[in-house]
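Work through the exercises below with the sequence and the 3D view side by side. Try each task before reading its solution.

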Amino acid sequence: MNKFIAILLIFIFNGTIFAQDSIGIFYLFDISKSYKLKALDEAIEVSENIFDSFTDKKNGLGSISPQYHLTSTIDAKSIKATKPCTTTYLDSGGGVFSRKLEDDNMADFQPCLNKVSNMPYSMYTDIRGGVYNAGNSLGRNLAKKGLIIFSDMENDPFKSFQKNLPLNLEGISVLMLYSHTLSGKKGDITDKYVEDFKSIFKDAGAIKVEAWPLQSVAVQGSRGSQEVVRFFINSFKR
């Protein structure tokens, strides 16, 4: 009876998200000098909380397996990014849909975040190139796909040398968690670029696109990360 109730709750609360669905979440981190010095540590902390919320069975999607959590960076040559660091989560809770982990370290997100933290800062930013590679990395074989962009968005999408780079975000939900690292020098230019990128991502086929201040998520701790996961859960219900 307990197993039947558990299965029923998955269908009720997750709508069209089924326990056998595969999920891919791509975490894209800006490593420009201003961002790395002022916001990257906070972004790393928030992303770790988001991962914990995704894999939490009570308030997240911990009963959905497998989950692939991928990380990469935004720098001057994002278009040339190599294979993203990947952490694979499998439900090992013993439920009817569970899968046993062969190696407990498979669900350790910290090594991928450490790679991001240890990257040297870049003097230039190519957001479009990073998003291009994220879309390609998520591919076609995942049932539910999400992209989280941690950046100050200081990259004019209409002047970048990559402005004609085709983006394909079909089936992907996008959340920008932005920071104002240069607001003292450039005013509200970040907000303008955020709106520009919203339009670009929607035109590229994204299911849903939102932008929230990173700080608003960070100050709420675990509750903020749960809001991020809830955004993706709602966007996955289609």
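Accessible areas here come from the Shrake-Rupley method with a 1.4 Å probe. On that basis the chain exposes about 11,800 Å², and carbon and sulfur atoms supply 49% of this area. The model is predicted, and the exercises should be read with that in mind.

**Exercise 1. Overall make-up**

Task: Describe the secondary structure of the chain, how much of the chain is buried, and how its contacts are spread along the sequence.

Solution: Begin with the secondary structure, which comes to nine helices and six strands. Next consider burial: of the 238 residues in the chain, 52% are buried. Finally, take the contacts with a separation of 6 or more, and note that residues 24 or more positions apart account for 80% of them.

**Exercise 2. Confidence**

Task: Find which stretches have a pLDDT below or under 50, and decide how they should be read.

Solution: The starting point is the whole chain, which averages a pLDDT of 84, with 82% of the residues scoring at least 70. Over residues 1–15, however, the pLDDT is below 50, and this stretch has 15 contacts in the model beyond near neighbours in sequence. The pLDDT also stays under 50 over residues 94–106, for which the model has 19 contacts beyond four places in sequence. Where pLDDT is low, the predicted coordinates should not be read in detail.

**Exercise 3. Aromatic pairs**

Task: Work out which parts of the chain are tied together by the pair of Tyr27 and Phe109.

Solution: Ring centres must lie within 6.5 Å to pair, and by this rule the count comes to eight aromatic pairs. Tyr27 and Phe109 form one that is tilted, at 4.9 Å centre to centre and with 50° between the planes. Because Tyr27 lies in strand β1 (residues 23–30) and Phe109 in the loop between β3 (85–89) and α4, the pair ties together parts that are 82 residues apart in sequence. Both Tyr27 and Phe109 are buried. Elsewhere, ring pairs link Phe54, Trp212, Phe231, Phe232 and Phe236 into a cluster.

Tyr27 comes up again when Ser72, a residue of strand β2, is examined. Leaving aside neighbours within four places in sequence, Ser72 is in contact with Phe26, Tyr27, Leu28, Phe29, Ala81 and Pro84. Ser72 counts as buried because its relative accessibility is 14%.

**Exercise 4. Salt bridges**

Task: For the salt bridges Lys57 with Asp91, Lys192 with Asp196, and Glu195 with Lys198, state where the partners sit.

Solution: The count for the chain comes to four salt bridges. Take Lys57 and Asp91, whose closest N and O atoms are 2.5 Å apart. This pair links distant parts of the chain, since Lys57 is in the loop between α3 and β2 and Asp91 in the loop between β3 and α4, 34 residues apart. Lys57 is partly exposed, with a relative accessible area of 40%, whereas Asp91 counts as buried at 5% relative accessibility.

Turn next to helix α7 (residues 189–203), where Lys192 and Asp196 are four residues apart and therefore separated by about one helical turn. The closest N and O atoms of Lys192 and Asp196 are 2.9 Å apart. Here Lys192 counts as partly exposed at 43% relative accessibility, while Asp196 counts as buried at 14%.

In helix α7, Glu195 and Lys198 are three residues apart, so about one helical turn separates them. Their side chains meet at 3.5 Å, N to O. Glu195 counts as partly exposed at 45% relative accessibility, and Lys198 counts as buried at 17%.

**Exercise 5. Backbone and surface**

Task: Describe the backbone at Pro66 and Met153, and then the surroundings of Met123.

Solution: Most residues other than glycine have a negative phi, and most peptide bonds are trans. Against this, a cis peptide bond joins Ser65 and Pro66, with omega about 5°, and Pro66 is in the loop between α3 (40–54) and β2 (67–74). Met153 has a positive phi, near 60°, and is placed in the loop between β4 (144–151) and β5 (172–178). At 0% relative accessibility, Met153 counts as buried.

Met123, by contrast, counts as exposed, at 56% relative accessibility. This residue, Met123, is in the loop between α4 (110–117) and α5 (127–138). Together, Tyr121, Met123 and Tyr124 make a nonpolar surface patch of about 400 Å².

Key. Residues numbered from 1 in each chain as written. Heavy atoms only, no water. Patch = residues over 30% accessible without salt bridge, like charges linked within 9 Å, V, L, I, M, F, W, Y side chains within 5 Å. Helix = DSSP H or I, 4+ residues; strand = E, 2+ residues; numbered from the N terminus. Buried < 20%, exposed > 50% of the residue type's maximum accessible area, 1.4 Å probe, protein only. Phe/Tyr/Trp six-rings, centres within 6.5 Å; stacked < 30°, edge-to-face > 60°. pLDDT = per-residue confidence, 0-100. Contact = heavy atoms within 4.5 Å.
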